[in-house]
Amino acid sequence: MQPPPEEGTAASTVEAPPAPEDAFAEDAFADDDFSEDDEFLDDDDFFDDEGLIEEFGETPEVLVRDPLAPFNRAMFSLNDALLIWVIKPVATGYRAVTPTVMRRGVANFFDNLKTPVRLVSSLLQGKFKGAGSEVGRFVINTTVGVLGFGDPATHWFHLSPSDEDLGQVLGAWGVGNGMYIVWPLLGPSTLRDSASIPGYFYLNPVGYVKPTKLSLGISAYEKLNEASFSIDDYITLKASALDPYTFIRDLYIQSRNKMVEE
């Protein structure tokens with residue numbers, strides 16, 4: 001999970017670092033991932049996807065087992081209603097009163113906090129270059145970037161985030177997707193990615209904040225800030241699909257498969 005890019009543009013490569021006085025210019029708070037505003041199976045087959053994942057084309061086949069489709073559709077509808085009727089109005093109001101540079105800074109801060117997740121995931125896959133990049137990013141962004149609110153590691157030193165997680169680790173070790181699951185609030189997942197959730201919370205420093213209510217509040221604020229960048233994209237994506245549930249399911253699986261392959 002990473003902070004948003006320049007609104008309305010793709011992340012670009014800077015050929016020469018700017019002068020130090022630009023350290024906290026708006027681009028130092030930019031991000032690279034969000035868009036603009038602005039049948040349970042037998043044990044032997046439980047995680048086995050052989051023969052089920054086909055090449056994703058213009059008319060994709062089913063990419064993952066979905067024996068819980070009725071439950072998943074119900075959870076999809078619940079999450080969609082929460083997004084449209086609760087999160088969207090709040091995120092829109094938050095976006096209206098909070099400057100973009102501040103929202104980017106918040107996204108960068110939470111991304112910096114999640115360095116342990118990406119670092120451990122990189123090491124467990126033997127991606128030592130990515131692990132080194134994560135260490136360098138954390139040191140630079142925590143110091144020069146003022147606790148991670150800025151991202152000079154990307155814009156000055158060209159250290160890109162590794163974008164690794166524990167679900168990808170399991171995939172790299174040969175664990176298949178298993179069945180598709182939609183969790184309330186958490187959204188699309190698979191059996192494999194769901195198995196990695198406890199590890200994510202263990203490595204995420206926010207989970208150690210006490211009392212628990214404060215930790216949950218911080219996580220909720222992170223999601224609100226993230227939604228202020230992404231909610232419009234979700235609505236556009238959903239509107240473009242004849243069956244939003246199937247479309248988002250297949251898009252999620254395609255994306256996760258690609259991330260594991262890389």
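Visitor: Let's start with Leu185. Is Leu185 buried or exposed?

Guide: To read that, look at relative accessibility, where over 50% counts as exposed. This is a predicted model, and in it Leu185 has 73% relative accessibility, so Leu185 counts as exposed.

Visitor: Where is the place of Leu185?

Guide: Leu185 sits in the loop between strand 1 and strand 2. Those two strands form a hairpin, with three residues between them.

Visitor: What is the phi of Leu185?

Guide: Here's the general idea: most residues other than glycine have a negative phi. Leu185 is not a glycine, yet its phi is positive, about 70 degrees. Leu147 is another non-glycine residue with a positive phi, about 60 degrees. You'll find Leu147 in the loop between helix 4 and helix 5 (152–155).

Visitor: Back to the hairpin. How many bridges join strand 1 to strand 2, and which way do they run?

Guide: Strand 1 covers residues 180–183 and strand 2 covers residues 187–190; they run antiparallel and four bridges join them. To follow the pairing, look at who stands opposite whom. Trp183 faces Gly187 in strand 2, and Val182 stands opposite Pro188 in strand 2.

Visitor: And what should I know about side chains in a strand?

Guide: As a rule, side chains in a regular strand alternate between the two faces of the sheet.

Visitor: How many helices and strands does the protein have?

Guide: There are 10 helices and two strands. Going along the sequence, the pattern reads α-α-α-α-α-α-β-β-α-α-α-α.

Visitor: How do I read a helix pair? Take helix 1 and helix 9: at what angle do the axes cross?

Guide: You look at the axes, their distance and their angle. Helix 1 spans residues 69–97 and helix 9 spans residues 212–239; their axes come within 8 Å and cross at roughly 115 degrees. The crossing of helix 1 past helix 9 is left-handed.

Visitor: Which residues in helix 1 meet helix 9?

Guide: On the helix 1 side, Phe76, Asp80, Leu83, Ile84, Ile87 and Tyr94 are among them. The helix 9 residues they meet include Tyr221, Leu224, Ile231, Tyr234, Ile235 and Lys238. Sorted by class, this contact has 13 nonpolar, two polar and five charged residues.

Visitor: Lys238 caught my eye. Is Lys238 buried or partly exposed?

Guide: Lys238, which is found in helix 9, has a relative accessible area of 21%, so Lys238 is partly exposed. The cut-off for buried is under 20%.

Visitor: What is Lys238 in contact with?

Guide: When you read contacts, it helps to set sequence neighbours aside. Leaving out those within four places, Lys238 is in contact with Asp80, Ile84 and Pro244. Lys238 and Asp80 are 158 residues apart along the chain, while their C-alpha atoms are separated by 9.7 Å.

Visitor: Pro244 is in helix 10, then. How far apart are the axes of helix 9 and helix 10?

Guide: The axes are 9 Å apart, and the two helices pack at an angle of about 115 degrees; helix 10 is residues 244–261. Tyr234, Leu237 and Lys238 in helix 9 meet Pro244, Phe247, Ile248 and Leu251 in helix 10. By class, that contact has six nonpolar, no polar and one charged residues.

Visitor: Now an arginine. Is Arg137 buried or exposed?

Guide: Arg137 has a relative accessible area of 3%, so Arg137 is buried. Arg137 lies in helix 4 (residues 128–143). Beyond neighbours within four places in sequence, the contacts of Arg137 include Asp111, Asn112, Asp151, Thr154 and Ser160. Thr154 is 17 residues away from Arg137 in sequence and 7.7 Å away in space, C-alpha to C-alpha.

Visitor: What kind of peptide bond joins Lys210 and Pro211?

Guide: In general, most peptide bonds are trans. The one between Lys210 and Pro211 is cis, with omega about 0 degrees. Pro211 lies in the loop between helix 8 (197–203) and helix 9.

Visitor: Last one, for the whole protein: what percentage of the residues count as buried?

Guide: The protein has 262 residues, and 42% of them count as buried. Its accessible surface comes to about 13900 Å², with 65% belonging to carbon and sulfur atoms.

Notes: Residues are numbered from 1 along each chain as its sequence is written. This is a predicted model: local features need pLDDT of at least 70, side-chain atom pairs count only at pLDDT 80 or more; totals for chains, interfaces and linings use all residues. Side-chain values use heavy atoms; hydrogens and water are left out. Two strands pair if DSSP finds at least two bridges between them. Axes are lines fitted to C-alpha atoms, for helices over the stretch in contact, and angles run from 0 to 180 degrees between N-to-C directions. A crossing is left-handed if the near helix is turned anticlockwise from the far one by less than a right angle, and right-handed if clockwise. Contact means heavy atoms within 4.5 Å. Ala, Val, Leu, Ile, Met, Phe, Trp, Tyr, Cys and Pro count as nonpolar, Asp, Glu, Lys and Arg as charged, and the others, Gly among them, as polar. Buried means under 20% relative accessible area, exposed over 50%, partly exposed in between (1.4 Å probe, protein chains only). Accessible areas come from the Shrake-Rupley method with a 1.4 Å probe; for residues, only the protein chains shown count as cover.
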